[in-house]
Amino acid sequence: MNTDTNEKKSYHFGNLKEALIEQGIELIHEEGVEKFSLRKVAKKVGVSATACYNHFGNIDELLQGMNSYVIDKFSTALKQAAEDNPCQCVAISMGVAYVEFFAKNPHYFNFLFDSEYLDIQIKESEITWNESFTPFQLFVDGAKSGMRERNIDEKELRDDLLVMWATVHGLAAMANMKGVRYENGDWGALTERILTDKVML
């Protein structure tokens, strides 16, 4: 079978670059970044290594492409949540979207948060992060907006933000744990209830 012909047939109407990114993330999820390579990704997608190198010159370019891809998808999910629920507290909408995004895309979770690229630092009076990590900026802005709606003292914002982040991130992590099963299965509804009744008081 002619590999090049097969590649053209398989991806003529598809997006090979996106397929390489998605399968690259899956590969890291399955094997870890230590064993990651462009050739392995190409094999997983079912194309030649040459086809892979046509889109990404080296492994660092592919990893950067994967990172940008997940960040864009995560940002879109948070923005969409705020737009779709204008009457709901934006902090709760984004918190639900945060958990649902990773519950539906478990391979994105460890890939994104195991990266030193995020550079999230918890300081005495604030939390800082890599400014290009747009989803976290959106989440923080939404959380602060919701807290201010409830007249929370500005001095308490750092700690209250940590509580909210720990809640949604913890639920997202639980949704990704092989040994954890939520009987109801609706992680979004659980997140909304906990944020409404226990966190955003």
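Biologist: Which residues of helix α3 are buried?
Modeller: In this predicted model, the buried residues of α3, which spans residues 38-45, are L38, V41, A42 and V45. They cover an arc of only 100° around the axis, which puts them on the same side of the helix.

Biologist: Why would residues with that sort of spacing point the same way?
Modeller: An α-helix has 3.6 residues a turn, so residues three or four places apart point the same way.

Biologist: And what does α3 carry on the face turned away from its buried side?
Modeller: That face carries R39 and K43, both of which are exposed. Just after the helix comes G46, which takes a positive phi of about 95°.

Biologist: Which residues other than glycine have a positive phi?
Modeller: Two that I can point to are D119, with a phi of about 50°, and N151, with a phi near 55°. D119 sits in the loop between α7 and β1, the latter being residues 121-122, while N151 sits in the loop between α8 (134-149) and α9.

Biologist: Are those two buried or exposed?
Modeller: D119 is partly exposed, with a relative accessible area of 41%, whereas N151 counts as exposed, at 69% relative accessibility.

Biologist: Let's step back to the whole chain. How many helices and strands does it have?
Modeller: The protein chain has ten helices and two strands. Read from the N terminus, the order of the elements is α-α-α-α-α-α-α-β-β-α-α-α, and the C-alpha atoms fill a box of roughly 65 × 35 × 35 Å when it is taken along the principal axes.

Biologist: What share of the chain is buried, and what share of the contacts is long in sequence terms?
Modeller: Of the 201 residues in the chain, 42% are buried. Among contacts with a separation of 6 or more, 63% come from residues 24 or more positions apart.

Biologist: Which residues touch the most other members of the largest nonpolar core?
Modeller: They are Y98, F102, L112, F113 and F139, in a core of 63 residues. The helix that gives the most to this core is α6, residues 90-104, with ten residues. As a general background to such a core, nonpolar side chains in soluble globular proteins tend to be buried together.

Biologist: Take F113, then. What does F113 touch?
Modeller: Leaving out residues up to four places away in sequence, F113 touches F74, Y98, F102, L118, F133 and H169. Y98 and F102 appear again here, having been named with F113 among the core residues that touch the most other members.

Biologist: Back to α6 for a second. Is S93 buried or exposed there?
Modeller: S93, which is found in helix α6, is buried, with a relative accessible area of 3%. With residues up to four places away in sequence again left out, S93 touches A81, N85 and Q88.

Biologist: And S68, buried or exposed?
Modeller: S68 belongs to helix α5 and is partly exposed, with a relative accessible area of 31%. If you want a sense of distance, S68 and N184 are 116 residues apart in sequence and 33 Å apart in space, C-alpha to C-alpha.

Biologist: What about α10, which of its residues are buried?
Modeller: In α10, residues 187-199, the buried residues are W187, G188, L190, T191 and L195. Seen down the helix axis, they fall within an arc of 160°, so they line one face of α10.

Biologist: What do they pack against?
Modeller: The buried residues of α10 pack against α6 and against α9, the latter being residues 157-176.

Biologist: Last topic, the largest pocket. How much space lies in it, and which residues are closest to its centre?
Modeller: About 460 Å³ of space lies in the largest pocket. The lining has 17 residues, and the closest to the pocket centre are I28, H29, N110, F111 and D114.

Biologist: Which elements give two or more residues to that lining?
Modeller: Those elements are α2 (16-31), α5 (59-84) and α7 (106-113), and α7 gives the most, with four residues.

Biologist: How do the residues of the lining divide by type?
Modeller: The lining of the largest pocket divides into seven nonpolar, eight polar and two charged residues.

How values were computed:
Residues are numbered from 1 along each chain as its sequence is written. This is a predicted model: local features need pLDDT of at least 70, side-chain atom pairs count only at pLDDT 80 or more; totals for chains, interfaces and linings use all residues. Side-chain values use heavy atoms; hydrogens and water are left out. On a 1 Å grid over the protein atoms alone, a cavity is a set of points where a 1.4 Å probe fits but cannot get out, and a pocket is an open set with protein on both sides within 12 Å along at least five of seven lines; lining residues have an atom within 4 Å of a point. Grid points are joined across faces, edges and corners, and a volume is the space filled by probe spheres set on the points. Ala, Val, Leu, Ile, Met, Phe, Trp, Tyr, Cys and Pro count as nonpolar, Asp, Glu, Lys and Arg as charged, and the others, Gly among them, as polar. A nonpolar core is a set of buried Ala, Val, Leu, Ile, Met, Phe, Trp, Tyr and Cys residues joined through side-chain atoms within 4.5 Å. Buried means under 20% relative accessible area, exposed over 50%, partly exposed in between (1.4 Å probe, protein chains only). Contact means heavy atoms within 4.5 Å. The arc is that of the directions from the helix axis to the C-beta atoms.
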